[in-house]
Amino acid sequence: MSLRRKTFIVILCTVICLNAMVYLASRVTLLSGFMDVERQDVEVNVQRLANSLTDDNKALGQVTNSLAFWDDTYTFIEDNNEKYIEDNLYDEIFAEYRTNLQVFVNIKGEVVYSKAVDIAKMEDIAVPAGFSRYLGADSPLLAKNETDRVQYDGVILVDDRPMMVSSRGILTSRLEGPVHGTLICGRFIDDAKIKQLSDATKLHVTAYTPNNSALDKHVLQQLEAIQDGFPLAMNILNEDQVEAFTVIDDYEGKPALILKVDFARKIYAQGQSGLQTFTLLLGIADLVFVVVSLFLLSWTVLKPLTRLSSDVSHIRTSGNLADRVIVHGRDELAALGQSINQMMNGLQQSHTMVIESEARYRTLFENTHDLIQYLDAQGKFVYVNQAWHDATGYQPSDLATLSMEALLRPADVEVYRTLIQDLKNNKTPFAPELHLLTKQGREIIVTADFVVQMRDGKFYATVGLLHDITARIEAESRIQDQNRSLRETNLDLAEARRVAEENARLKSQFLSTMSHELRTPLNAVIGYSEIMLEGMSGEMNDEQTDNIKRIHINALHLLTLINDVLDLSKIEAGRLVVVPLPFLINDLMDEVMYQTNVLIGAKPIQMRYTLDPKLPREVLADYGRLKQIIINLLSNATKFTDRGEIRLDVAKVDTDKWSITVTDTGIGIPSHALEYIFEEFRQVDGSEQRRYGGTGLGLAIVKRLVLLMNGTIRVTSKVGEGSTFIVTLPLVVETVEVQS
Ligand code: ADP
C-alpha cells in the first residue's frame with residue numbers, strides 16, 4: 001500500500017475518530033443543554049401559570065377587601081339587616097365580583113349570612129356542604145377574636161372541588177376594629193376558569209382534583225413525584241411533546257389542585273435541527289480538513305518523501321555511492337536527506353577504504369613470495385595465491401580435484417592431520433616443516449602456519465601460510481660444505497704460514513750471516529785495493545792502477561748492496577730500530593754536505609744548504625739513520641743531476657714537525673714512476689736511467705726508515721727539470737726500545 005494511501009487512511013481514521021468524539025460530546029452537551037433550557041422554559045411557563053392563578057387569587061382578595069373593610073358590612077355582621085343583603089348580595093354582584101360564594105361569620109363563629117351562585121347560569125345554588133369544615137373554631141379562615149385581623153388567600157377543596165378563597169376580618173371602612181367577624185369569598189376553579197387561565201397564559205392547561213377517585217394513575221404518580229421534591233414534574237412524552245405537572249396546596253399543605261400543562265417541544269426541535277446543521281457543517285469541515293490536510297501533507301511531506309525515496313532507490317539500483325539525494329529547504333525531511341547524504345559520505349569513505357584495504361591485501365596476497373591457501377571445511381582448495389601456483393606448478397583448473405593431503409609427501413600427512421586437529425581443539429599451534437610434492441614431482445620444503453576458522457562453533461575453513469625454505473635449506477647445506485672446506489683450507493694456510501715464517505726467519509738469519517761473511521772478505525778487498533792505490537805496496541803502471549780502481553769501485557758497490565740488503569731484511573724482520581738521541585742539526589747537515597760534495601766530482605753542480613733559524617739547534621732523533629736517509633737522497637740527486645744545483649733545505653713546518661727537503665735540477669722522474677720508485681728493486685724504466693746504475697733499494701729503505709721515525713716522505717718531479725724529495729718528521733721522536 002502506498003504511503004499516500006496509508007496517510008489518507010490515517011488522516012481519515014483520525015478525523016472520523018475525532019469527529020465522532022466531537023459529535024458525541026457536542027450532542028450530549030447540546031442535548032443536555034437543550035433539555036435544561038426546555039426544562040427551564042417549562043418551569044418558567046408553569047410558574048407563569050401559578051402566578052396567573054395567584055393573581056386571580058389576589059383579585060379575589062381585593063374584592064374581599066372591598067367588602068370586608070366597609071362600614072356597611074361592619075354593621076351588617078352585627079345586625080344582619082336585609083337592606084345590606086338586597087343592596088349588595090344579589091346574583092349580578094356575584095358575577096361582577098366573579099365569586100361563587102360569600103360567607104359572613106360573626107366573631108362568635110356564627111354564620112350570619114351565606115350565599116352561593118352559579119355565575120355561569122346566574123342562579124343561586126346551595127352553599128356546598130363540604131364548606132362547613134372550614135367554618136369550625138380552628139379554621140384558619142376565621143377571625144378568632146376581635147383583634148384577629150385574619151387575611152387568607154389560597155385554594156381549598158370544597159366537596160372535592162378546588163376553590164379559590166379569600167377571607168378577611170371585618171373592619172370599618174377606615175380599617176378600624178374591633179374585628180366583628182370574617183368575610184369569606186370563594187370561587188370554584190372550574191373548567192371555565194382553567195380555560196381562562198389557558199387563554200391568559202397561552203398554555204394548554206388541564207386541571208385535576210386530588211381526591212378524585214377516578215384520578216388517572218399516571219397523574220397520581222406525578223402527584224407523588226411532586227410531593228417528594230420540586231413542585232413540578234416533567235415528562236417527556238415523545239420527540240414532540242412534553243408534559244409538566246404542578247400542584248397547588250391548601251393552607252394545610254395538602255394538594256388542593258393539580259395542574260397539567262402540555263408543551264410542544266419547540267426548543268428541543270430547534271436544538272435537533274441545529275444539531276443536524278452542526279453535523280452537516282462538521283461533515284463538510286471534515287471533508288475540507290481531509291482534503292486540505294492531504295494536500296498540505298502531500299505538498300510538504302509526501303512529495304519530498306517520495307522524492308527522497310526515489311533518490312535512495314536510484315542510488316540503490318545504480319550502486320553508485322557517489323550519488324546523493326537532493327535536499328531542499330531546512331525542515332526535518334531536509335535534515336533526513338542531509339543525514340542520508342552524510343551516511344552516503346560515510347559509506348563511500350568506508351567503501352573506498354574497503355577497496356583500498358582489499359587492494360592492499362590483494363597486492364600483499366598476490367605479491368608475497370609465501371604460499372597462501374584457503375581450504376574449506378571439506379579440505380578443498382577455495383583459493384590460492386600466484387606464489388602458490390608458481391611453487392607447486394598446479395594451475396587453477398587443478399584445484400577442484402586437489403586436496404592438501406594429496407600434496408604432502410606420505411610421511412607428512414599424519415603431521416598435517418594432527419596439526420589441524422590441534423588447532424580445532426584450540427591447542428597451541430606449531431609450525432612444522434612440510435614437504436610438498438609439486439605437479440612436476442619435485443619436492444619443496446615449507447614451514448607452515450595454519451589458522452582454523454570457526455563459525456558459530458563449527459569448523460569452517462583453514463587458512464595456510466607456507467614459506468618455501470627449499471632454497472634456504474639447500475643454501476645451508478652448501479654453506480656447511482663450504483665451511484668444511486674453509487676449515488680445511490685454514491688448516492692448510494696455518495701450516496703454510498708457519499712454514500713461511502720459519503722460512504723468513506731462516507732467510508733473515510741466512511742474510512745476516514751471509515752479509516757478515518761477505519762483508520769481511522769484501523772489506524779486505526776494499527782495504528787492500530785502497531793500500532795499493534795509495535802506492536803503499538809499490539809503484540803500479542797505469543793499467544794496473546786502473547784495474548785496482550775498478551776492483552775498489554765494484555767492491556764498494558757490492559758492500560753498499562750488501563748493506564742495503566741487510567738493512568732491508570732487518571726492517572722486514574722488524575729488527576731494525578731507531579734510537580733517538582739529542583744532536584745538533586748543523587753538525588749532521590755539515591757532515592752529509594761534506595760527504596756528498598765528494599760524490600759531485602767534476603760535475604758543474606752547485607751544492608747549497610739552508611737551515612731554518614726557527615728550528616731549535618738541537619733535536620732528538622736517530623742521528624745515524626737520519627744521516628743514512630739524507631745521504632741516500634743527496635746521493636740520488638748527485639747521481640741523476642749532471643749540472644745545475646742541489647739544495648738541502650732544513651725547515652720548521654709547525655710546532656711539532658720539521659722537514660728536510662732535497663731538490664735537484666736533474667733528469668726528473670716520469671709521473672708514472674712516482675708510484676713505484678719507493679718499492680724494492682724498482683727503478684725507472686728506460687735506457688736513460690739504466691745508465692746511472694744502482695740497486696733500486698735506496699728509496700725503499702729511506703721510506704721504511706722515515707715511517708719507523710713516524711714521519712712521511714713525498715716526491716714531486718718533472719722530467720728534464722728536476723726532483724724534490726720532502727721528508728717530514730716529528731720534532732721530538734719517541735725512543736723505541738732497541739731489540740738485539
Ligand atoms: P738506485 O738509485 O740504487 O737505483 P733508488 O731506490 O735510490 O735506487 O732509486 C730508485 C730509482 O728512482 C732510481 O733508479 C732512479 O731511476 C730514480 N731516482 C731516485 N732519485 C732520483 C733523482 N733524484 N732524480 C731522478 N731519478 C731518481
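How far apart do the C-alpha centres of domain 3 and domain 5 lie? They lie 79 Å apart. This is a predicted model: local features need pLDDT of at least 70, side-chain atom pairs count only at pLDDT 80 or more, and totals for chains, interfaces and linings use all residues. Residues are numbered from 1 along each chain as its sequence is written, and side-chain values use heavy atoms, without hydrogens or water.

Domain 3 spans 368-468 and domain 5 spans 576-737. Domain 1 is assigned as 3-31 + 290-333 + 343-363. These bounds come from an automatic or database domain assignment.

Now the ligand. It has 22 residues around it, counted when a heavy atom lies within 4 Å. Asn636, Lys639, Gln683, Thr695 and Leu699 come nearest. By class, the shell has 9 nonpolar, 10 polar and 3 charged residues; Asp, Glu, Lys and Arg count as charged, and Gly is among the polar ones.

Oxygen atoms of the ligand make these polar contacts (pairs of N or O atoms within 3.5 Å):

| Residue | Protein atom | Distance |
|---|---|---|
| Lys639 | side-chain N or O | 2.9 Å |
| Gly698 | backbone N or O | 3.2 Å |
| Leu699 | polar backbone atom | 2.8 Å |

The protein covers 97% of the 520 Å² of accessible area that the ligand has on its own, by the Shrake-Rupley method with a 1.4 Å probe.

Helix H15 (623-639), helix H17 (698-708) and strand S22 (722-730) each give two or more residues to the shell. H15 gives the largest share, 3 residues. Helices (H or I, at least four residues) and strands (E, at least two) are DSSP runs, numbered from the N terminus.

Methods
A polar contact is a pair of N or O atoms within 3.5 Å; within protein, one must be able to donate a hydrogen and the other to accept it, and residues adjacent in sequence count only if both atoms are side-chain atoms.
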